[in-house]
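Hi everyone, thanks for coming. Please have the structure open on your screens, and let's walk through it together.

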2 protein chains.
Amino acid sequence: MATSSNSSNNPAQTTVSSVSKFDSPALSYEVQAVCPWSGARAGLLTTPHGVVETPVFMPVGTNAALRALTWEQTADCGAQIVLSNSYHLYLRPGHELIKEAGGLHKFMHWDKPILTDSGGFQVFSLDALRKITEEGVYFKDHKGGKTHFIGPKESMVIQNAIGPDIMMAFDECVKNPATEEEARAAMERTHRWLAVCQQEHKRKHDQSLFGIVQGSMYEHLREESVQAVTAYDLPGYAVGGVAVGEDRRTIERIVLHTTPLLPREKPRYLMGVGTPWDLVYAIRCGIDMFDCVSPTRLARHGTVFSSRGRLAVKNAGFRKDFGPIDETCPCSTCKNHSLAYLHHLVRQGEMAGLMLLAIHNVTFLIEEAQNCRKAILSGTFEDYFSRWSSARGPLEPQ
Amino acid sequence: MATSSNSSNNPAQTTVSSVSKFDSPALSYEVQAVCPWSGARAGLLTTPHGVVETPVFMPVGTNAALRALTWEQTADCGAQIVLSNSYHLYLRPGHELIKEAGGLHKFMHWDKPILTDSGGFQVFSLDALRKITEEGVYFKDHKGGKTHFIGPKESMVIQNAIGPDIMMAFDECVKNPATEEEARAAMERTHRWLAVCQQEHKRKHDQSLFGIVQGSMYEHLREESVQAVTAYDLPGYAVGGVAVGEDRRTIERIVLHTTPLLPREKPRYLMGVGTPWDLVYAIRCGIDMFDCVSPTRLARHGTVFSSRGRLAVKNAGFRKDFGPIDETCPCSTCKNHSLAYLHHLVRQGEMAGLMLLAIHNVTFLIEEAQNCRKAILSGTFEDYFSRWSSARGPLEPQ
């Protein structure tokens, strides 16, 4: 819940109010302001393809495209950096073809920063279709059926070919709930694989490798993982293995415990999260970067984020609602279109309907992160957080 | 075929090279130039929502939205005027709701000119689901099943409520091939209904009613229909009942015969056509306006127009084609994306793929009409036409 953390666990006690600057060959990160109450940070992340203002939400273009948005529209939504999936790109069109096209930026015509995941998460989601060894994972293509192999070395080869600004280490992510034994085994393998990733990564001059902290729902494993992962002097670190089956309270407990343990001078990325509330809560814990497919997936189901909570646009109540989804939203959908029009399009199954909802949802999450940033920079984040959580927290679905 | 018309039927003999200006309460039309070789015209059509440069291709937004394009994107494609369907809007969301929203322009947020069809074409396409009487047609909703009735009076009520700049008379369109008897019966009913339309149209000050010439594949019926329809002093006329089952040669024969019979000072609209070749050929015959769902429908099937003819983007040959669909196309898809990227998206069933193809196809048809316009204005249309037909005619599928 929004305000459920007890005072002994208050993140304010584990953070600083000073600013810092970190430099590495392919990334620099400047902490511009830290909220003394919470440890929430505002910063500037500089990559070979430009500067990103953090905290930042990164829309996901799984197959080198967002669902239902062109890259022009994605930029119009305010996206500063996007995520794409190594697993999907390796299978189709293939990392070699992308390399031949001049890299992913050129291939999909997006000249701002890109982050790719390692393929680990998708491979481990395949369940029955995979077999894990110490070297990596044998798996069957979710569409084809041919057997493939990806390990930490292969993941580096793929990501070096694809050419994102930020690439992720190849990790093993267990589904929650997991036993401590399962969680430890996956975590330790993740640590061994990180050594391979660091060694096999061949473009350190223009691509940054982020390490991933695992440890499931166990605080002491998370602590151990932070120790092991930060032992490698990497330009950034991610909290992985959340939002994979556990409830919101557990996510919040783990994020609140783990985030402040990460180096303050480097960017911190919470993988696969989430909703407006997840963002605000995790920013409070000191997270800088987020990604999630939720805005486009929810749009396909006719659902939109709003300051009134989530709305199902199909609901009969919107048939004659000639106002926008959200008066405060700066997106082109809210500027141009009424709920009545969107209701009509969604009811008719018109593709334009889900495109317009996707524009709204993507903008809404990007804006949420930017609103937190402004509050942190102006020293009003505590107030922002408390207004947010009292006004909207309960409206968010668990 | 491109150049199959014999000299005795050359449209040059039935046209003029002078310019003219026509004024009516809700529409004016200025002929700026006429090609003396062919009778092709360039003009300016002024409506309550702005000026349209003709010849013009009008993209179709059946349900108050184009398939796979937002209105912002539609404007970026160069659309000056769009078409929407009374039949669909009457059923959902209902013309009364659109009226309550402030009219179709406001409802869908498109402030340029709009033309709506009368609903006749859709109603007559329902076949088994309809029953024709002298007053109009009883039909079952293609989605629902409830019985509805639309006649010429109802069509005017609907279009007056929806509020397009140009509305179409309620006509009966027979499928080809039709017997002369069937064609005559439908044509004569169309003429009787036109009298009702003209009488029931209540917004002559800000909406223009166009009459529709029918007569199927019979030249003498087309002549009779032109006589009957132009007896009403309407601001524009359409050639209807083409591209409804007959082959291309028949379409061309009828368009070539009928178009020059229509008043030269008023706009001429060829309904439901078509392909780049159809446009160029009909413009040669003196047509000013076109609409068709082909650009978005072909995009959904992964097919694009190009100066090389139609291309199936899925074809393996495009896998590593890092050039655009068409070097000469000004659309954002051709400016930004390679065939290799589009091939990947289409193969993966990514919605962004069909959006990008739709942007290209819609732009391509709009551009084709504009290229003809430029050639007419500069006095080079004969040359343009002959280069076009020798270079591309045979590439177009029949």
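Let's start with strand β7 of chain A, residues 114-117, in what is a predicted model. Are the faces of β7(A) covered or open? Both are covered. On one side you find A:Ile114 and A:Thr116, on the other A:Leu115 and A:Asp117, and all of these residues are buried.

Now, which strands run beside β7(A)? One is strand β6 of chain A, residues 82-85, which runs parallel to β7(A) and is joined to it by 4 bridges. Strand β11 of chain A, residues 166-168, also pairs with β7(A) in the parallel sense, this time over 2 bridges. Try clicking on A:Thr116. In β6(A), the residue standing opposite A:Thr116 is A:Ser84, and in β11(A) the bridge partner of A:Thr116 is A:Met167. So that you can keep the picture in mind: A:Thr116 is itself one of the buried residues of β7(A).

Next, let's look at some backbone details. Please find A:Pro55, in the loop between β4 (50-54) and β5 (56-59) of chain A. The peptide bond leading from A:Thr54 into A:Pro55 is cis, with omega near 0°. There is another cis bond from A:Arg92 to A:Pro93, and here omega is near 10°. A:Pro93 sits in the loop between α2 (86-91) and α3 of chain A. Keep α3(A) in mind, as we will meet it again at the contact with chain B.

Still on the backbone, let's turn to phi. A:Ala243 has a phi near 60°, a positive value in a residue that is not glycine. You will find A:Ala243 in the loop between β13 (236-239) and α9 (248-258) of chain A. Is A:Ala243 buried or exposed? It is buried, because 20 other C-beta atoms lie within 10 Å. In chain B, have a look at B:Ala64, whose phi is also positive, about 70°, although B:Ala64 is not a glycine. B:Ala64 lies in the loop between β5 (56-59) and α1 (71-76) of chain B. B:Ala64 counts as buried because it has 27 C-beta neighbours inside 10 Å.

Now let's zoom out to the two chains. How are chain A and chain B related? A turn of 180° with a shift of 0.0 Å along the axis lays chain A on chain B, with an RMSD of 0.0 Å. That is why we can speak of a two-fold axis. The same surface serves both copies, since 100% of the contact residues of chain A recur in chain B.

And how many residues take part in the contact? Chain A gives 33 residues and chain B gives 33 residues. On the side of chain A that touches chain B, the elements giving two or more residues are α3 (95-100), α4 (104-108), α12 (332-336), α13 (339-347) and α14 (351-377). Of these, α13(A) gives the most, with 5 residues. By type, that side of chain A divides into 18 nonpolar, 8 polar and 7 charged residues.

Finally, a word on confidence. The mean pLDDT of chain A is 92, and 93% of its residues reach 70 or more. Over residues 1-17 of chain A, though, pLDDT stays under 50, and for this stretch the model has 29 contacts beyond four places in sequence. The model scores ipTM 0.94 and pTM 0.94. Thanks for listening!

Key
Residues are numbered from 1 along each chain as its sequence is written. Chains are lettered from A and ligands numbered from 1 in the order in which they are written. This is a predicted model: local features need pLDDT of at least 70, side-chain atom pairs count only at pLDDT 80 or more; totals for chains, interfaces and linings use all residues. A residue is buried if 20 or more other C-beta atoms lie within 10 Å of its own, exposed if 12 or fewer, and partly exposed in between; C-beta atoms are placed from the backbone. Two strands pair if DSSP finds at least two bridges between them. Copies are superposed by least squares on the C-alpha atoms of residues with pLDDT of at least 70 in both. Two residues are in contact if their C-beta atoms, placed from the backbone, lie within 7 Å. pLDDT is the predictor's confidence in each residue, from 0 to 100. Ala, Val, Leu, Ile, Met, Phe, Trp, Tyr, Cys and Pro count as nonpolar, Asp, Glu, Lys and Arg as charged, and the others, Gly among them, as polar.
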